[in-house]
Amino acid sequence: MPRQAEEVLQYEDFLGGTVSSLKDFLSLRGLKQTGRKPELVARAFGAYELKAPVKFSQEQIHKQIKEEYSRRLTSNGIKTDPNTIPHDAWIDDMKQWPEVDDGKLFSYILRTKAVDVKYIGKYKDQKAYSCWMSGFVDTILFTKCPIDSKHVFLKGFVSPSQKIRDDPHKVWVCLEGTKNDCKIMTSWCTCTAGTAEVYNHVIALMYKVNFAYKKTYISPACTSVPQRWNKGTKKDVEPNQIKNLVFRKDKKTQEDSARDDTNNLNLKNQFDARKPQDRQLTYESFRVKTKGINKLEESDPSACVLYSIEHKKDDGLPELLPQKALSFMSSEEMKGKPLEYTAQLFLKECQMTADQVKRVEIETRGQSTNDLWHQQRIGRVTASNFHTYHTKAQSILNRKGQNVK
């Protein structure tokens, strides 16, 4: 849901929103709020596209937010407003964080009816997880309630996913109980959808806390926390070349995630900034599309026109062995030659330079999850197949009655 009126949204933003946030969006515009999530998404996106006006004034909206904020504190027995706690009372110490495992996190999400059970099975495909993985969750601070000892608070800033240069949203979460046995009570976010209690920014912050628990960063005995892991992660967007951009989509399964590097490489190689109809450029099509060429030729017959042509990309990798063997054996020099003669020459032909070795190492990282790794292995003797080849060779030689040491 938009935090600012001018924020541009896509259909996927509504699809990734929670049921509560969708109902809030519709409520502000005086629209029907009943039905299942697909119906709410369609209704909210339609209202956004049609620029349905907000039915309430800014004063009314502000009053509703204050009332909801007070109700949330009161209904959960929270005696201290986290926003009134002095800044110096908040500490940056992960060892104080409560242990929030998957059960406690998803139990809270389901208890507030923000999403349905299907969300749990595919949570890594959702916007909140992508927000956390993209580094939009800033430093998380901890404090205890100054009035009663049973409540603790976590707060942090989460950058908006659509406009990361804008001011970040302020998020806080209240938990009840001890470090080892706690329960998430409620939460708040300063974005418009924050009144829905559980929104993507809140869930993203809790994913970070949950990750720290899984990695034992919050354990008093842990001594291997990465340096500055809980420090600010907000990034500035810098202009960059397409070849240096990283294309990533968070996946649900480990197998799919392992293919990210390969997908990233494929996307870079397949990228073409030209329009589809202009990618196959010929001289005739260029003459037709470019007005004035005929007149230019008439006025100056000696004029020349330069246009792009497709060229073979040299990525520094050695030719694959099957193709190399085919071209080598089909050459005029090798035709009719015995195997004993051609084998030695082919082995020399297969030698790689130091630059090629380095390039292969870089491009085949990920090994079994990398398609190029499988292609470069075809026809080569590797550690995993050496025993098989050696055994077969020994069997052939033994049948001929030869002894090989």
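Let's start at the N-terminal end, where Gln10 sits in the segment before α1 (11–15). With a relative accessibility of 44%, Gln10 falls in the partly exposed class. Gln10 and Glu49 are separated by 39 residues in sequence, yet their C-alpha atoms are 9.5 Å apart in space.

Keep in mind that this is a predicted model, so a word on confidence before going on. The protein chain has an average pLDDT of 77, and 71% of its residues reach at least 70. Broken down by element, strand β1 (residues 141–144) has the highest mean pLDDT, 92, while helix α9 (residues 254–257) has the lowest, 46. Around that helix, residues 252–258 have a pLDDT below 50, and the stretch makes seven contacts in the model beyond near neighbours in sequence. The other stretch to treat with care is residues 2–6, where pLDDT stays under 50 and the model has twelve contacts beyond four places in sequence.

Now the overall picture. The protein chain contains 17 helices and four strands. It runs to 405 residues, of which 33% count as buried. If you take the contacts between residues at least 6 apart in sequence, 59% of them link residues at least 24 apart.

What about the interior? In soluble globular proteins, nonpolar side chains tend to be buried together. Here the largest nonpolar core has 37 residues, and the members touching the most other members are Trp97, Leu175, Leu205, Met206, Tyr207 and Val209. Two or more residues each come from α5 (102–111), α7 (127–133), β2 (151–158), β3 (169–177), β4 (182–189) and α8 (200–214). Helix α8 gives the largest share, eight residues. For a view from one spot in this core, try Leu205: leaving out neighbours within four places in sequence, Leu205 contacts Val137, Ile140, Lys155, Gly156, Val171 and Val173. Apart from this core there is another, of twelve residues, including Tyr69, Ile85, Cys145 and Trp188.

Two of the helices that feed the largest core, α5 and α8, also pack against each other. Their axes lie 10 Å apart, at an angle of about 165 degrees. An angle over 145 degrees counts as roughly antiparallel, so that is how α5 runs relative to α8. The crossing of the two helices is right-handed. On the α5 side, the residues involved are Asp102, Leu105, Phe106 and Ile109, and they meet Ile203, Met206, Tyr207, Asn210 and Lys214 of α8.

Next, have a look at the loops. Thr80 belongs to the loop between α4 (58–75) and α5. Is Thr80 buried or exposed? Its relative accessibility is 7%, and since anything under 20% qualifies, Thr80 counts as buried. Not counting residues up to four places away in sequence, Thr80 touches Ile85, Cys145, Pro146, Ile147 and Phe153. Ile85 and Cys145 are also among the residues of the twelve-residue core.

Two other loop residues are worth a look for their backbone angles. Lys51, in the loop between α3 (37–49) and α4, has a phi near 55 degrees, which is positive in a residue other than glycine. Lys51 is exposed, with 70% relative accessible area. Thr216, in the loop between α8 and α9, is not a glycine either, and its phi is positive at about 60 degrees. At 42% relative accessibility, Thr216 is classed as partly exposed.

Note on methods:
Residues numbered from 1 in each chain as written. Predicted model: local features only at pLDDT ≥ 70, side-chain atom pairs only at ≥ 80, totals over all residues. Heavy atoms only, no water. pLDDT = per-residue confidence, 0-100. Contact = heavy atoms within 4.5 Å. Core = buried A, V, L, I, M, F, W, Y, C linked by side-chain atoms within 4.5 Å. Buried < 20%, exposed > 50% of the residue type's maximum accessible area, 1.4 Å probe, protein only. Axes fitted to C-alpha atoms, helices over the stretch in contact; angles between N-to-C directions. Parallel < 35°, antiparallel > 145°, perpendicular 65-115°, else oblique. Left-handed = near helix turned anticlockwise from the far one by under 90°.
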